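User: Please take a close look at the part of this model that surrounds the ligand, and describe which residues and elements form it and which atoms approach the ligand.

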Amino acid sequence: MTQTIGQPDRTALTFDQAYVKHWRNVTFGGELRRWARRWPGRTAVVDPGARLTFHQLDAQADLVAAGFARLGLARGDRVVVQLPNGADFVLAWFGLQRLGAVPVHAMPAHRRDEITHLAAASGARALVVADRQGRFDLRAMAEEVCADLRTRGLTEPMVVVVGEPGRHIGFTDLRAAGPPPQPVSPAQPVPGHRPTLRLVPVERADPDDPAGPAPGDLALLLISGGTTGRPKLIPRSHTDYDLNVRLGVRAAGMDESTVYLAVLPAGFNFTLACPGVLGALSVGGTVVMAPDPSPATAFDLIEAEGVTHTALTPALVPHWLDEARFRPQALATVRVVQVGGARLPDETARTAGPALGATIQQVYGMAEGLVCYTALDDPIELVTTTQGRPGCPDDELLVVRPGTTEPAQQGELLVRGPYTLRAYYNGPQPDSSFTADGFYRTGDEVRRLPGGHVVVVGRVKDQINRGGEKYAAVEVEEHLLQLPGVGAAAIVAVPDPDWGDAAVAVLVHDGPAPTVRALAAYLRGRGLAAYKAPQRVHLLPRMPLTAVGKVDKQALRALLTP
Ligand code: OOB
């Protein structure tokens, strides 16, 4: 692992040569074929309404692919997927993979504004949604998304409803779509896709899916937490995502006996691939989909299915500890509880393992690539105070003075490696999120211990992390500025004992301050996800500014956190 930036011999080509040994010539469509051949009768996916063996999952993914193909979807098409945790998520995902179409992972909490943005930014040809989410009608939202895009002259996606379609073209049952399609024509470049990971040595097809996409092709688009505006799209290829999964399997100790409970949204990189759903399937384990994130539901499923592994955000941990006090026996089979997505307080990390009767694994990862894990046999001190070590020996980590490439003891983490992006999907060129040598600027403030463990101490990016759900402050600020009477607006993160961050809306406003509730309703009306509503409102006569005239968030943070 090199620690130097700008060495002349480290050209883009040599990075790739160093990475080749980590990559396999596989696609996810081909992987599912192999898993089904190896473990046909084992249970692959369980949800409250379905139980699929690997053979069934494989066969039904073909049917789903056929259904999508009949709708006119083809290789390379981007498809925004917003489905709850359930067997249908897995079927839709693999159905798209079989077709070489590219799922764009929306989160269940996303609403009109976010989904419209994802569809526009990806040029999506389809949007796959459930019919409802509780009382919220996703079909009506999808219609608004289409109307928005139409007005702006952008590609209007077809809407595929998993459930009751209403008047849309829809599948009422994803699995009943029909016979498999004719094989798609062999490898063609995906139109409009500029490859961002150079994958020269792995362009041969997967032997178990010879007509399918190339391993180096775009397999999925993840969304960034956002720092400078709307979330950006993160291109992940089959090759790099497969590595991501395998590193996770090794770190979390998954094997054929693994039963993984998906509590967090399945479209979240942590839940899907670190090692998560894909990791458990890749070793012949079982995935159990929790239909809601409540500890009561999770504990029922753990008891019924003998769950061995799961992944939580720090915000969920106290709720699990409460539930465990009443039902400790429910957790008898649980071996590993991963916690990540936001900083786990040391004290919670210390008490959680014994209280849950499981090994805690801290996971510090990002949709952009790098994932760090504490080892299952790390000394307790490291498990409770660090966020682990990089999954791959060729992950290159640098700690620098924020915004520079000058090394520092504690500072911003830069990363480059065999499963970390080199550019955002259709991102600007050049992009200040990357150094000239291709390191990604994480925006996280860290220090590293002599043994390589990373400690996340803070953040230099202007982002709110509300219990693992992230958004750029500026995204909400832009909406607040549209409010009548608002002269200036800033969203500032302050510490929150339960959620990591609380967001304070600082407003320069004529007249009485809008209430928290009024702001939440306003932002909901603008089509924003509920987690982006601020927790506090603070009025100021004028906004403090820095020397260059930007809002001085440091001053605001000092003012708000006495
Ligand atoms: C995961 O991915 P994202 O893309 O939603 O968010 C990444 C950001 C990191 O840059 C960091 O700011 C924060 O979330 N973060 C953590 C953390 N894990 C993520 N901050 C402190 N401690 C941690 N353990 O959140 C994600 C992706 C894969 C695995 C796990 C989490």
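**The shell around the ligand**

Analyst: In this predicted model, the ligand is surrounded by 19 residues, of which Val-363, Ala-367, Asp-444, Lys-461 and Lys-470 are the closest. Sorted by class, the residues of this shell comprise nine that are nonpolar, six that are polar and four that are charged.

With regard to secondary structure, helix α8, which spans residues 269-273, and strand β15, which spans residues 359-366, each contribute at least two residues to the shell, and it is β15 that gives the most, with four residues.

Polar atoms of the protein approach the ligand from both backbone and side chain. On the backbone side, an N or O atom of Val-363 lies 2.8 Å from a nitrogen atom of the ligand, and a polar backbone atom of Gly-341 is 3.0 Å from a ligand nitrogen atom. On the side-chain side, an N or O atom of Lys-470 is found 2.7 Å from an oxygen atom of the ligand. As for the cover that the protein provides, the ligand taken alone exposes 600 Å², and the protein buries 95% of that area.

Val-363 thus appears twice in this description, being listed among the closest residues of the shell and also placing a backbone N or O atom 2.8 Å from a ligand nitrogen; Lys-470 is likewise listed among the closest residues, with its side chain supplying the N or O atom that lies 2.7 Å from a ligand oxygen.

Notes
Residues are numbered from 1 along each chain as its sequence is written. This is a predicted model: local features need pLDDT of at least 70, side-chain atom pairs count only at pLDDT 80 or more; totals for chains, interfaces and linings use all residues. Side-chain values use heavy atoms; hydrogens and water are left out. A residue is near a molecule or strand if one of its heavy atoms lies within 4 Å of it. A polar contact is a pair of N or O atoms within 3.5 Å; within protein, one must be able to donate a hydrogen and the other to accept it, and residues adjacent in sequence count only if both atoms are side-chain atoms. Accessible areas come from the Shrake-Rupley method with a 1.4 Å probe; for residues, only the protein chains shown count as cover. Ala, Val, Leu, Ile, Met, Phe, Trp, Tyr, Cys and Pro count as nonpolar, Asp, Glu, Lys and Arg as charged, and the others, Gly among them, as polar.
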